[in-house]
Amino acid sequence: MSTWSLDLAGRRGRAARRRRPSPLVLLAIPTVALTLIPLGFIVVSAISTGADELWRLLVRPRTGELLSNTARLTVATILTAGVIGTAAAWAVERTSLPGRRILHPLLVAPLAVPAFVNSYGWVSLATWAEGFHGALLIVTLSYFPFVYLPVAASLRGLDPALEDVARSLGHGPVRVFARVVLPQLRPALLGGCLLVGLHLLAEFGALQMLRFPTFTTAIYDQYKSTFSGPAASGLATVLAVGCLLLLTIELRARGHRRYARVGSGARRDPERVQLGRATLPVLGAVVALVVLALGVPLGSIVRWLVVGSSTAFPVGDLVSAAGTTALLAALAAATATVVALPIAWLSVRRPGRWSTMIERSTYFGSALPGIVVALALVTVTIRWATPLYQTTAMLVAAYVILFLPRAMVSQRAALAQAPPVLDDVAAALGAGPVARIRRVTLPLIAPGLGAGAALVFLAVVTELTATLLLSPIGTATLATKFWSATTSVAYGAAAPYAALMVVVSIPATLLLTRRTGGATAT
């Protein structure tokens, strides 16, 4: 088919899509309603508290301290993880760095180590890890792969012709990167930074272990010690505002450019930058990053397994907790992947005010602490859906609320790089909607679906607070068993559960290390 025919089919398809409403909206509405339950819970609690009382609770000096801690840590981690993730991706994908095939999976592997296990590794070896600087170091080491992964995938898919043109105009390497490459990395970089920010707003286990108070740890303490619903809801309201701020900044910075590449000729790999004398320093920096992110927590786990006085290997409990964890993670990953697809499709293929509102609304639950999400679901189920109380279905629903953005970001990136004109051509050739999805779209976005499912799986393996509150009676996961041991300072007893969390996470991490290409901006 000629280029003119492709363009004609694409224009006709896009015009038809604009004329008719998408039935996917009906599929997206239940998911949006589910993800907004925690936000509604916070709003109702704030209204019932009263404006005067809520203002009194929020203007206390303690609230200012929590706001400062949360804002400083979130901004600093986003910037640090963004720089480290982008630099590591550039070194692996675009330079002559030796050992790239080994370094790539090692840079993804920190996702298999939960942030609170990372904190456990550092705190059990060095008390100086507590406080702001320790928290910044540890959460950055835990979260930088969220930036590294999408940026590395985008770098593999960029069209080097654009860089060749810039170099032919006399631009040096730094200017080519700043003027040509970095703008094309913007969706991947911003998406990764958004995930980092949302996770920081809701992070509890790692920061509680590091004794660095934020809104999330304070909310947990309020509910646990004083059962102060109004105070906790007031703090959660600030977190919701912070989430809205992050979403607005990311949306405006992302822009409206398209990133699908359709053109003549085969895509070629870019020329790698020869490091020369910089090879050893760059290799040393990347290896140091891997050692800090993996070596310290894994080494600490091994140490406590060997020398811990409380170390024990209750095989029955370990096998049961590992099986339960893997089953819940698989159920949540499959559910999140399915329910995210209609929303991601609307966001990319039917852009507009309503599709943007639908997509953005699904992020609020991810920025709220698991305890708030859990209490919101408990309140709703007790009042209107009692049979669902303390069931696996409600626990999976909580996981979907908390981790849907992980699937959403991956699917949105995959759809953005899948040329819609191919779907239009298939329609012009007589293929029905189901056939187009099965034979054209799904094969193109399969890597994004798999990556999103793997990210949700990893998150559920390490989820703590919602699981503690919502799991059916008698249900125990690796994370809850680990936390139970560490709260009593039984580091040796916690080590086997930490090691199993890493083992259970390995298959999903390996899926994320599959090297799939992307597309360029047009």
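Is Arg303 buried, exposed or partly exposed? I looked this up before anything else, and Arg303 counts as partly exposed because its relative accessibility is 38%, where buried means under 20% relative accessible area, exposed means over 50%, and partly exposed lies in between, with a 1.4 Å probe and protein chains only.

**Entry 1: what I am working with**

I note that this is a predicted model, in which local features need pLDDT of at least 70 and side-chain atom pairs count only at pLDDT 80 or more, while totals for chains, interfaces and linings use all residues. Residues are numbered from 1 along each chain as its sequence is written, and side-chain values use heavy atoms, with hydrogens and water left out.

**Entry 2: the overall make-up**

I looked up the secondary structure and found 25 helices and 0 strands in the protein; helices (H or I, at least four residues) and strands (E, at least two) are DSSP runs, numbered from the N terminus. I also looked up burial, and 53% of the 522 residues of the protein count as buried. For contacts, which means heavy atoms within 4.5 Å, I took those between residues at least 6 apart in sequence, and 84% of them join residues at least 24 apart.

**Entry 3: helix α15**

I returned to Arg303, which is found in helix α15 (residues 279-307). Between the C-alpha atoms of Arg303 and Gly492 I noted 8.7 Å in space, although the two are 189 residues apart in sequence. Val296 is found in helix α15 too, but Val296 is buried, because its relative accessible area is 19%. Its C-alpha atom is separated by 6.7 Å from that of Trp122, which is 174 residues away along the chain. Leaving aside neighbours within four places in sequence, I found Val296 in contact with Gly121, Trp122, Leu125 and Val291.

**Entry 4: the nonpolar core**

Which residues have the most contacts inside the largest nonpolar core? I wrote down Leu73, Leu107, Val117, Tyr120, Tyr148, Ile219 and Phe482, in a core of 152 residues; such a core is a set of buried Ala, Val, Leu, Ile, Met, Phe, Trp, Tyr and Cys residues joined through side-chain atoms within 4.5 Å. Helix α20 (residues 392-416) gives the most to this core, with 15 residues.

I then followed Tyr148, which touches Gly85, Ala88, Ala89, Val92, His104, Leu107 and Val108 when residues up to four places away in sequence are not counted. I looked up Leu189 as well, whose place is in helix α11 (residues 173-202). The C-alpha atoms of Leu189 and Val147 are separated by 6.0 Å, with their positions 42 residues apart along the chain. On the same footing as before, not counting residues up to four places away in sequence, Leu189 touches Gly82, Thr86, Val147, Val151 and Leu182.

**Entry 5: two helices that cross**

I examined helix α16 (residues 315-349) and helix α25 (residues 491-512), whose axes come within 11 Å and cross at roughly 35°. Axes are lines fitted to C-alpha atoms, for helices over the stretch in contact, and angles run from 0 to 180 degrees between N-to-C directions. The contact is made by Asp317, Leu318, Ala322 and Ala326 of α16, together with Pro496, Tyr497, Leu500 and Val504 of α25.

**Entry 6: cysteines**

How many disulfides does the structure hold? I found 0 disulfides, where a disulfide is a pair of cysteine sulfur atoms within 2.5 Å. Cys243 is buried, because its relative accessible area is 0%, and Cys193 also counts as buried, at 13% relative accessibility.

**Entry 7: two loop residues**

Most residues other than glycine have a negative phi. I therefore noted Arg211, which is exposed with a relative accessible area of 63% and is found in the loop between α12 (205-209) and α13 (215-226). Arg211 has a positive phi of about 55° although it is not a glycine. Gln390 likewise has a positive phi of about 55° and is not a glycine; the place of Gln390 is in the loop between α19 (370-384) and α20. Gln390 is partly exposed, because its relative accessible area is 27%.
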